[in-house]
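Let's take a walk through a protein model together. Have a look at the picture first, and then we'll go through it step by step.

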Amino acid sequence: MSSFKYEEIGGFTFKGVEFSQDSFNVIAGPCTIENYQDLKEIALQLQSMGINLFRGGAYKMRTSPYSFQGLGKKGLEYIKKVSLETGMISVSEIVSKEDLPLMQDYVDILQVGTRNMYNFRLLSALGEVKNPILLKRGMSSTIEEWLLAAEHIIQAGNPRVILCERGIRTFENYTRNTLDISAVCAVKQLSKLPIIVDPSHSSGRREMIKSLSWAAVAAGANGLMIETHFCPDETVCDSRQTVTLELLREILKPIDQLRSAWK
Ligand code: PEP
Ligand code: MN
């Protein structure tokens with residue numbers, strides 16, 4: 001792999017929070033924003049656990065056109081309101097370049113979903129904003145393709161990129177995707193960009209989130225993104241993989257120990 005130009009780029013501070021290959025950040029929250037009250041309640045609970053980044057999709061890229069597509073602009077208004085009221089950093093997915101003028105003001109960290117990793121026009125547009133970008137790995141992309149996708153953003157002017165391994169498509173269908181833990185190790189060799197792991201979309205199974213999270217931390221991940229809700233079974237989207245706040249608390253307990261073992 002010799003196709004990279006920005007191997008030395010990586011790491012930044014945003015709103016007082018460090019994102020680098022030395023830091024560790026947890027992003028939690030629902031798959032999708034359903035209403036203001038629930039989002040605020042979840043954010044406050046997360047904050048009481050010491051988590052300062054929360055997530056929630058306003059625009060969803062659903063496989064089926066008959067599934068809930070997200071609240072759209074209303075969702076953006078809710079996430080901004082909760083972010084202002086709590087002081088927490090918000091993370092939400094941008095699905096289309098045309099939403100950028102709006103989203104850059106409503107959301108702190110813009111997420112590029114797995115289905116858009118190859119949307120190079122979107123990636124270049126994200127090079128022109130100040131928001132950090134959470135770049136998910138394409139479900140069928142190689143590590144090289146993923147790092148080059150990051151370089152599209154960097155080349156266009158935005159070095160604040162966070163990578164997120166979220167599982168890849170394999171022949172296995174017991175899990176929703178296959179979590180590629182080795183990608184964490186590979187990224188650390190090839191790049192200086194912070195890399196976090198999303199065990200939720202990797203597995204699609206709530207009972208696996210704890211073990212996969214610990215495995216990711218043991219491999220050197222710089223953070224986790226975990227779909228969390230106070231009542232997972234009642235969520236409209238990705239219930240099966242969403243964990244309770246109690247389970248999230250349990251998952252986070254040994255993180256410091258695992259991180260020091262890795263170091
Ligand atoms: C998400 O994080 O809400 C999401 C849709 O993830 P992915 O793009 O990895 O499927
Ligand atoms: Mn989801």
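## Around the two ligands

Start at Thr114, where a backbone N or O atom sits 2.8 Å from an oxygen atom of ligand 1. Keep in mind as you look that this is a predicted model. Side chains join in too: Arg166 has a polar side-chain atom 2.6 Å from an oxygen atom of ligand 1, and for Arg115 a polar side-chain atom lies 3.4 Å from an oxygen atom of that ligand. How much of ligand 1 does the protein bury? On its own, ligand 1 would expose 290 Å², and the protein buries 96% of that.

Now zoom out a little. The space that ligand 1 takes up is the largest pocket. The residues around ligand 1 include Arg55, Lys60, Glu93, Gln111 and Lys136. Two others on that list are His201 and Glu227, so hold on to those names, because both also coordinate the manganese ion (ligand 2).

Which atoms hold the manganese ion (ligand 2)? They are Cys31 (SG), His201 (NE2), Glu227 (OE) and Asp238 (OD), at 2.0 to 2.4 Å. Along the chain, these donors follow the spacing C-x169-H-x25-E-x10-D. Take His201 and Asp238 as a pair: they link distant parts of the chain, 37 residues apart. His201 belongs to helix H7 (residues 199-203), while Asp238 is in the loop between strand S10 (223-227) and helix H9 (245-252).

Are these two buried or exposed? Buried means under 20% relative accessible area. His201 has 8%, so His201 counts as buried, and Asp238, with 17%, is buried as well.

Definitions and conventions: Residues numbered from 1 in each chain as written. Chains lettered and ligands numbered in written order. Predicted model: local features only at pLDDT ≥ 70, side-chain atom pairs only at ≥ 80, totals over all residues. Heavy atoms only, no water. Donors = N, O, S within 2.8 Å, 3.2 Å for Na, K, Ca; no water. Helix = DSSP H or I, 4+ residues; strand = E, 2+ residues; numbered from the N terminus. Buried < 20%, exposed > 50% of the residue type's maximum accessible area, 1.4 Å probe, protein only. Near = heavy atom within 4 Å. Polar contact = N/O pair within 3.5 Å; in protein donor to acceptor, adjacent residues only side chain to side chain. Areas by Shrake-Rupley, 256 points an atom, 1.4 Å probe, with all protein chains shown as cover. 1 Å grid on protein atoms, 1.4 Å probe; cavity = no way out; pocket = protein on both sides within 12 Å on 5 of 7 lines; lining within 4 Å. Sits in = over half its atoms within 2 Å of the grid points.
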